[in-house]
Every structure is written in structure tokens, then in C-alpha cells.
Amino acid sequence: MDLSKLKRRGLMFVLSSPSGAGKTTITRALMENNPDLTASISATTRTQRGGELNGKHYYFVDIPAFTKMIDNGELLEYAKVFDNYYGTPRGPVEEALSAGQDVVFDIDWQGTQQLEEIARDDLVTIFILPPSHAELEKRLRKRAIDTHETEMQIRSRMEKASSEMSHYSEYDYVIINKDIESSIAKAQTILDAERMKRKRLTGTSEFVRGLMGGL
Ligand code: 5GP
């Protein structure tokens, strides 16, 4: 039998965390180490930050354009996070999945719940936690220097981090990000194992029949 006939359904790899837990670094490393992974690029109504590119990090749209996307059924899920709207465009995800490609999502718990409702079998969800409260505060304060945030904004991020973290138990896997290299390796292990799940493989029974017949 032709081994290329052994195909697999693409999986949806969701990473969520409070800001400051290291999710972006882990996602970037996964993308670098797995050229066959596709990142879902969200649409958002928040303003573009320095260094962010439209169409690479996000599709930056205004509220009427976002509302139109909702009305036209163009979003797989959407949510209001930190006073702005964020949503996952449906088309690119469906195209990648049907081509057997895996897609990585950096979305919050609200979006994850919506994907659970429509695609539970294709979904693998990971929640990333910081190693301690003190470390989370340290990371948020360090980031605040780069983004010129005020003390009030830092406090608000800490509060939002707490409410985001309360949803960790809705996820399949939890990674406590103490050491970034080891967390990247853990995320890769989960991806590798999930890719081998029998239920995602198609064409296996024909392959095994061929093996048995050859004995
Ligand atoms: P930021 O504005 O810092 O880039 O993202 C803020 C939060 O919005 C992050 O927790 C991120 O995971 C979440 N987010 C980004 N894109 C989406 C999306 O398409 N859907 C949902 N539900 N959340 C998103």
C-alpha cells in the first residue's frame, strides 16, 4: 500500500493564558519548529501596537467591519476581551483543516468554549500558567516598561489575569511555564502525541489489512 494514503485530519491547537504567562513565545517557537503548522490570524478592533503588522499579527478592522463579519457568518468564534473585539476568520481555518494541516490559535477562554461547541473532536486545548503570582507580576511590570503602561493599567492586567486563570480547568492540558525551553518542549510533546491519535488517522485500516495479508 502507498504510505501517502495514510492521511490525518488537521487538528486545532488552542493555547490560552493570562498575558505575561509566555504564550506568545511558546506559540512562536512552535511555528518555527513546525513549518507545517498554520497560525490562525484573528481580526480585532483594538488599535495596532508598534511592531505589529496588519495581516501578520492581526487583521485590524473597525467596529462596523467587525460587525459585518459577524453578520455574514465569517467568524468561527468571537469575543470581547479587554474592551476590544477579537474573532477568528472562518475561511483560512477551514481550508487548512481540510488540507490536513494543523492550525494554532492564540485565543481566550471565551473563544475556546465556542470552538468546543462546534469542533470538539478536532480540538486540543492547552492552558499556560505562570509559575507564581510574584513571577507573573514581574513579567507584567517588565512588559509595562516597553509599552509605557501606567500603574493602573498594570493592576487591571493583574486582575484580568486572575479571572482568565480561573478557566484553566476547562482545558485538556496545563503547562506551568517556569522555564521557557522546557515549556516549548512540553507543548511540542502534546502536539506530537495528539497527531498520532488513532481517531485522527484515516486510511489506517486498509494499511493494516495490507500488513496482515502480507504475513
Ligand atoms: P492582545 O490584545 O494582547 O493581542 O490579546 C488579548 C487577548 O485576546 C489574548 O488573551 C488573546 O488570546 C485574545 N485573542 C486574540 N485573538 C482572539 C480571537 O480571535 N478570539 C478570541 N476569543 N480571543 C482572542
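The paragraphs below lead through a predicted model, beginning with the ligand and its surroundings and moving on to aromatic rings and two loop residues.

A good place to start is the ligand, which has 16 residues around it, and of these Ser42, Arg46, Tyr58, Tyr86 and Asp106 come nearest. When these surrounding residues are sorted by character, the shell divides into 6 nonpolar, 4 polar and 6 charged residues. Two of the strands deserve attention here, since β6 and β7 each supply at least two residues of the shell. Several polar side chains lie at short listed distances from oxygen atoms of the ligand: an N or O atom in the side chain of Ser42 is 2.7 Å from an oxygen atom of the ligand, an N or O atom in the side chain of Lys23 is 3.0 Å from one, and a polar side-chain atom of Thr88 lies 3.4 Å from one. Taken alone, the ligand exposes 520 Å², and the protein buries 91% of that area.

From the ligand we can turn to the aromatic rings, of which the structure holds 5 pairs. One of these pairs joins Phe66 and Tyr78, whose ring centres are 6.3 Å apart and whose planes stand at 80° to each other, an arrangement that is edge-to-face. Phe66 belongs to helix α2, which covers residues 63-71, whereas Tyr78 belongs to strand β6, which covers residues 75-81, and therefore the pair ties together parts that are 12 residues apart in sequence. The two partners differ in their exposure: Phe66 has a relative accessibility of 1% and counts as buried, while Tyr78, at 35%, counts as partly exposed.

Phe66 also pairs with Tyr85, and because the ring centres are 5.7 Å apart with the planes at 35°, this pair is tilted. Tyr85 lies in strand β7, made of residues 84-89, while Phe66 lies in helix α2, so this contact ties together parts that are 19 residues apart in sequence. Tyr85 is itself partly exposed, with a relative accessible area of 29%. Elsewhere among the rings, Tyr58, Phe60 and Tyr86 form one aromatic cluster, and two members of that cluster, Tyr58 and Tyr86, have already been met among the residues that come nearest to the ligand. A ring can also have a charged side chain over its face, as at Phe82, where Arg157 lies over the face of the ring at 5.2 Å from the ring centre.

The last stop is a pair of loops. Glu52 is found in the loop between β4 (43-44) and β5 (59-60), and with a relative accessibility of 14% this residue counts as buried, because the cut-off for that class is under 20%. The side chain of Glu52 makes a polar contact of 2.8 Å with the side chain of Arg46, and the side chain of Glu52 also reaches the backbone nitrogen of Arg49 at 2.8 Å. Through the first of these contacts the reader is led back to the ligand, since Arg46 is one of the residues that come nearest to it.

Arg120, in turn, is found in the loop between α4 (109-119) and β9 (123-129), and its relative accessible area of 33% makes the residue partly exposed. Although Arg120 and Met12 are 108 residues apart in sequence, their C-alpha atoms are 9.3 Å apart in space.

Conventions: Residues are numbered from 1 along each chain as its sequence is written. This is a predicted model: local features need pLDDT of at least 70, side-chain atom pairs count only at pLDDT 80 or more; totals for chains, interfaces and linings use all residues. Side-chain values use heavy atoms; hydrogens and water are left out. Rings of Phe, Tyr and Trp (its six-membered ring) pair if their centres lie within 6.5 Å; planes under 30 degrees apart count as stacked, over 60 as edge-to-face and the rest as tilted. Helices (H or I, at least four residues) and strands (E, at least two) are DSSP runs, numbered from the N terminus. Buried means under 20% relative accessible area, exposed over 50%, partly exposed in between (1.4 Å probe, protein chains only). A charge sits over a ring if NZ of Lys or CZ of Arg is within 6 Å of the ring centre and within 35 degrees of the ring normal. A residue is near a molecule or strand if one of its heavy atoms lies within 4 Å of it. A polar contact is a pair of N or O atoms within 3.5 Å; within protein, one must be able to donate a hydrogen and the other to accept it, and residues adjacent in sequence count only if both atoms are side-chain atoms. Accessible areas come from the Shrake-Rupley method with a 1.4 Å probe; for residues, only the protein chains shown count as cover. Ala, Val, Leu, Ile, Met, Phe, Trp, Tyr, Cys and Pro count as nonpolar, Asp, Glu, Lys and Arg as charged, and the others, Gly among them, as polar.
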